[in-house]
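Work through the following exercises with the sequence and the model open beside you. Try each task before you read its solution.

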Amino acid sequence: MRKHNFVNAVLAALFAAMIFVMTRFVQIPTFLGYIHPGDAIIYLSAAILPAPYSLLSAGIGGAMADLSSGYVIYVPITILVKVLLALCFTNKGEKLFSVRNIIAPVICIIITVGGYFAFEIFYYGAGAYATILPNLIQGVCSGVIFIFLAFAFDKVNLKKKLQR
């Protein structure tokens with residue numbers, strides 16, 4: 001295994017752990033679950049790591065949070081949604097704060113709201129409409145957190161330092 005691949009694998013594992021922690025332990029309860037900053041870490045992971053690694057960290061981190069939170073029924077849809085979120089970002093270029101990565105959270109809101117709604121309409125029936133607002137808030141908050149993190153990390157050249 002080349003050094004670069006090893007570094008990416010280690011970073012992917014670290015991001016999966018951070019996604020898990022920020023999803024599982026930093027929760028704001030809602031009437032049908034919770035919102036969390038874990039998706040912002042998915043966005044960050046996808047802006048730093050190449051696709052195979054960021055997709056793994058997104059899916060594993062999100063799934064582990066659902067498993068440990070008692071939301072086992074959500075694991076398959078969470079893996080799908082979180083992988084799709086990671087695909088919206090690019091790790092190309094030297095900066096995290098790029099045009100694509102600033103537009104990506106808007107697309108992620110649509111994926112989060114639409115993906116979970118499609119699942120929940122079968123699980124909750126008409127009650128799925130009640131999950132739209134929490135999922136919308138989830139997406140907006142994660143996007144704002146990511147933008148702040150991307151801007152701050154670009155100021156200290158974090159991406160360049162991680163890719164050495």
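**Before you start**

This is a predicted model, in which local features need pLDDT of at least 70 and side-chain atom pairs count only at pLDDT 80 or more, while totals for chains, interfaces and linings use all residues. Residues are numbered from 1 along each chain as its sequence is written, and side-chain values use heavy atoms, with hydrogens and water left out.

**Exercise 1. Cysteines**

Task: Determine whether Cys 141 counts as buried, partly exposed or exposed, and find how many disulfides the structure has.

Solution. Begin with the accessibility scale, on which buried means under 20% relative accessible area, exposed means over 50%, and partly exposed lies in between (1.4 Å probe, protein chains only). Cys 141 has a relative accessibility of 36%, and therefore counts as partly exposed. Next, recall that a disulfide is a pair of cysteine sulfur atoms within 2.5 Å; a search of the whole structure finds zero such pairs. For Cys 88, the nearest cysteine sulfur belongs to Cys 108 and is 3.9 Å away, and Cys 88 is in no disulfide. Cys 88 counts as buried, because its relative accessibility is 13%. Cys 141 is likewise in no disulfide, and the nearest cysteine sulfur to it, again that of Cys 108, is 14 Å away.

**Exercise 2. The overall fold**

Task: State how many helices and strands the protein has, and in what pattern they follow one another along the sequence.

Solution. Helices (H or I, at least four residues) and strands (E, at least two) are DSSP runs, numbered from the N terminus. Counting these runs gives seven helices and two strands, and reading along the sequence gives the pattern α-β-β-α-α-α-α-α-α. The radius of gyration, taken over C-alpha atoms, is compared with a globule rule of 2.2 Å times the number of residues to the power 0.38. The protein has a radius of gyration of 15 Å, close to the 15 Å that the rule gives for 164 residues, so it is as compact as a globular protein of that length. Along the principal axes, the C-alpha atoms fill a box of roughly 50 × 30 × 25 Å. Of the 164 residues, 43% count as buried.

**Exercise 3. Ala 46 and its contacts**

Task: Locate Ala 46, and list which residues it touches beyond four places away in sequence.

Solution. The place of Ala 46 is in helix α2, which spans residues 38–48. Its relative accessibility is 2%, and therefore Ala 46 counts as buried. With contact meaning heavy atoms within 4.5 Å, Ala 46 touches Ser 54, Ala 86, Phe 89, Thr 90 and Asn 91, when residues up to four places away in sequence are not counted. One of these, Ala 86, is 40 residues apart from Ala 46 in sequence, yet their C-alpha atoms are 5.1 Å apart in space.

**Exercise 4. Ser 68 and Asn 157**

Task: Find where Ser 68 and Asn 157 are placed, and describe each residue.

Solution. Ser 68 is found in helix α3, residues 51–69, and at 34% relative accessibility it counts as partly exposed. Leaving out residues up to four places away in sequence, Ser 68 touches Phe 20 and Arg 24. The C-alpha atoms of Ser 68 and Arg 24 are separated by 7.5 Å, although the two residues are 44 residues apart along the chain. Asn 157, by contrast, is found in the loop between α6 (132–155) and α7 (158–162). Although Asn 157 is not a glycine, it has a positive phi of about 55 degrees, and at 38% relative accessibility Asn 157 counts as partly exposed.
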